[in-house]
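Colleague: Before relying on the labels attached to this protein, I should like to hear the reasoning behind them. Please take them one at a time.

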Amino acid sequence: MDMLPQRYSPREIEAEIFKFWEEKRIYEKLKKREGKKFYFLDGPPYTTGRIHLGTAWNKIIKDTILRYLRMRGFNPIDTPGWDMHGLPIEVKVEQELGFRTKRDIENFGVDKFVQKCMEYALRNKDAMTEQFKALAVWMDWENPYMTVKAEYMNSAWFTIKKAYEKGLLSKEMMVVNWCPRCETALADAEVEYAEREDPSIYVKFRIKDGRFILIWTTTPWTIPANMAIAVNPNLEYALVRSYRNGFAEEVIIAKDLVQTLAKGYEKWEIIDVFQGKDLEGLEYEHPLAEEIPAQRNFRHRIILADFVSAENTGCVHIAPAHGLEDFEIGRKYQLEVFNPVDEKGYFNELAGKYAGMSIREANEAIVEDLHKKDLLLAEEKIFHRYGHCWRCKTPIIFRATEQWFIKISKLKEKMLEEIEKVRWIPEWAGSARFRDWIMNAKDWCISRQRYWGIPLPIWICECGKIKVVGSIEEVPWQSDLDLHRPKIDEITFRCECGKEMRRVKDVFDVWFDSGVASWGSIGYPLREEKFHLWPADFITEGHDQTRGWFYSQLGASMICFERAPYKTVLMHGFTLDEQGRKMSKSLGNVVEPEEVIEQIGVDCFRLYVLSSAAWEDLKFSWDEARNVLRNMNIFWNSVRFAYTYMAIDNFKAGSRITTLEDRWVLSRLESFNKEAIEAMEKYNLHRVVKAFFDFIIEDFSRWYIPLIRHRVWEEAESEQKLSAYETMLRVIDKSIRIIAPFAPLIAEWLYQNFVKRFREGLESIFMESYPVPEESWIDKNLEEKMRIVREIVEACNSARNRAGIKLRWPLKELVVEGVELEEMSNILARMCNVKSVKFGTVKKELIMKPDYRKVGPLLKEKAKAFAEFLSTLKELPAELEFEGVKIPRDWIIVEERLPDKIVSEEFSLGRVYLNIEIDDSLMKEAFAREFVRRIQFMRKELDLRVEEFIETFIEAEPKLVEGWIDYIKNETRSIKLSFSKAEGFVREWEIEDLKVRIGIRKWSSGSG
Ligand SMILES: [Zn+2]
Ligand SMILES: [Zn+2]
């Protein structure tokens, strides 16, 4: 006889199924099937080489949806994507090669460097592919889309050409975040903030009339680029006569901030107050004009800006080359963008005395010079949050450079309209979060001064003519690397003017790469055959993609097609630790997907991450994760129970359903199916997992199985037994098909090893269609009745508990008050372990006492007699008179007392009463059950199979279990039962106060 393994061993089962899928080529067979079209678009993970918990969760969500779609008759596009360009990979390769600057790359050879980046990205892609496969993620791993491929890069070129044609591409001088180590512009999203220490200095600028104006800065190195000082037109400023070492100076500062002067003066007095706007146009001397001759060519003056607030000194030093606000106000006042800092963060020859110094070195030199010139009022240190390069962690600087921009400002209105047409899950992901982001979006700087990226397809002539190339077919190329730098830089075009047009050296912001994914991944415009599927039906990514991929895709799509590139977006959360903190190496709280799989298996990992609402952050809890495994073990045991008896009886599907509890669990099964489908339509994956466990653990394993346990021992042809088998088969069969997209390995295993044992099946569970509910089985009325029954049983158990009577001990009677459920009597009797169940009430004794506080003053000494009178009454009459006095009802306290041997407990609709009197016959039955339980325990210890027979010895009087001997033999599969000296495998037990030795011995035809 065969049995399922004792315990659920996920790792073994999973290995077996992975092998089965591969050998039978199940995925490939499914891929070949005809099916309805569905355009799923994979948000391409960056090829870092390792997946983390969040990436694993992301792909598990996707795989679950894809598997569901396939079972619903779709043949979805399931192309995985890889985001493979960009600074992170360049920095890694630089580290491998021990490089520190761009110069090292140039010396090494850009072609070799780019080749290394390609190899690195491909290697990582392969490693990550294996990690995703290990999560049972079925995607078209053989044919992914990759941003480094010519066909894909073509889609980016196509897009930029469209932008150019529509006037959405422009080259502009702009202040950008700049990493002086990587020597490139960075997007806002590429800047990481961290605490650091900087100088904090107060500097006096000398106005031409001899007065001073006081500014504050944490970046002394920006003073060489100073062009103006901004004050708020509506703020009050004070002219303050300030004294130090016997000298007096007149200083301008915001009136509310004069206390700041204490940093450098002994005393001061306000001699005048005026509005900021009165200061406009005052000219001052650049404080470093002697050190920086180039500065002597400019006129420096006080200007007005609303962004100036009453902080520090209320006067802001403006360097248009080194700050975005500075740049913008500078544009308004037509200030020169004087930029003496090069791309490495060093001062160039424009900086005069400071030329050749790094900005850090210059910081010190400048402070020193200001000090010598007595222009430094105070020097302090400050700890503040400052931006760093996301990759190399170098502090960024702001630097004015010429960059290429997409004019998002011209697209914004239309983008806002388009997001309305997209289905967002949850709804606020679009209507609030994404909307806000787009409202505040700035023009998109798409150029980077690096090597490993899609080259900008822009060629320029000295004469100013521009050629934007919209297709890679316009340039000669053989391999993907030909389209990368430096090969592409060698391509030139002849300008109308006769000169050569050369490519601008920049590459795309890597976010632009993935922005074109919805047409790039299907090869458009080089290939057209799949484009009719566009836009994507569904995408899902984490909430950081609001400013990332959701946005870059929408922007790029507006350029080309003027509509959103996706129809439905499911936004998921982040993975955090149990306390809700980000996982990081420094906190030591990182949980790797492999660790989790090692402990609980792939399916439980998947069920765990899918069990919380996708849009909420997932706070990883080992307890909760392990609890999934515990639940799956419970499910396993139920399946094992079913299998054991169904296999003994060689059951085949097709029996009639005869019994109430069978109809009930089948009703619950269909309700679960219905809920699963409704939840999937809304992409509420967590609701399916919850419904699965509610049904399979609470309803099926913990309630239904105990209800029918006795039926599996009935004779071979028992209709009731077959009905139970049929029911268990349907429940397990359908449940695993419903949950298969979520827990594919265990579902496939049970399909192959359980379902197909009892009914015909297909080659794989994934060739089955997703179950549809058979509504005719749903009986909400019955479900509600069973719900009440379970409440009653619970109430009964707690009443027993209080009385100290074990559930194994049969009791005489249960009375249920408050509901009438005659048809459920059998179930109640069995689950409450009582001989009879009645609906009604038990007669209670009423005890009446006077309320002395009220009766006392009136009846005085007669109160006691009145109390005695009350105690003789059986019930309270409508009107009560005592010795001529009318007694109001509320003068009497009425208490109910239950009869002896009755315990009671409430449930939501009423009350249960349990008779706990145990007479002689109940006692015999109780002992019989106690013996059975112990013999079964000993059978387990001997590792006997369920159908094996034994011989049993009990050292006790047979009278103790008179009338129950056949029952004991039956339940324990004892061929012989003797009340004599224990033999064989012997144990001593204590049952209540009785010490008893029991022996059992495996029966073989030769023995006895
Ligand atoms: Zn950097
Ligand atoms: Zn030209």
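Colleague: Where does aspartate 943 lie, and why is aspartate 943 called exposed?

Modeller: Aspartate 943 sits in the loop between helix 25 (920–941) and strand 38 (950–954); helices (H or I, at least four residues) and strands (E, at least two) are DSSP runs, numbered from the N terminus. Its relative accessible area is 59%. Exposed means over 50%, buried under 20% and partly exposed in between (1.4 Å probe, protein chains only), so aspartate 943 is exposed.

Colleague: On what basis are these values given?

Modeller: This is a predicted model, in which local features need pLDDT of at least 70 and side-chain atom pairs count only at pLDDT 80 or more, while totals for chains, interfaces and linings use all residues. Residues are numbered from 1 along each chain as its sequence is written, chains are lettered from A and ligands numbered from 1 in the order in which they are written, and side-chain values use heavy atoms, with hydrogens and water left out.

Colleague: What makes the phi of aspartate 943 notable?

Modeller: Most residues other than glycine have a negative phi. Aspartate 943 is not a glycine, yet its phi is positive, about 65°.

Colleague: Why is glutamate 992 called partly exposed?

Modeller: Its relative accessible area is 42%, which falls between the two limits, and therefore glutamate 992 is partly exposed. Glutamate 992 also has a positive phi, about 50°, and occupies the loop between strand 40 (985–991) and strand 41 (994–1002).

Colleague: What is the peptide bond from arginine 485 to proline 486?

Modeller: That bond is cis, with omega near 0°. Proline 486 belongs to the loop between strand 22 (466–468) and strand 23 (492–494).
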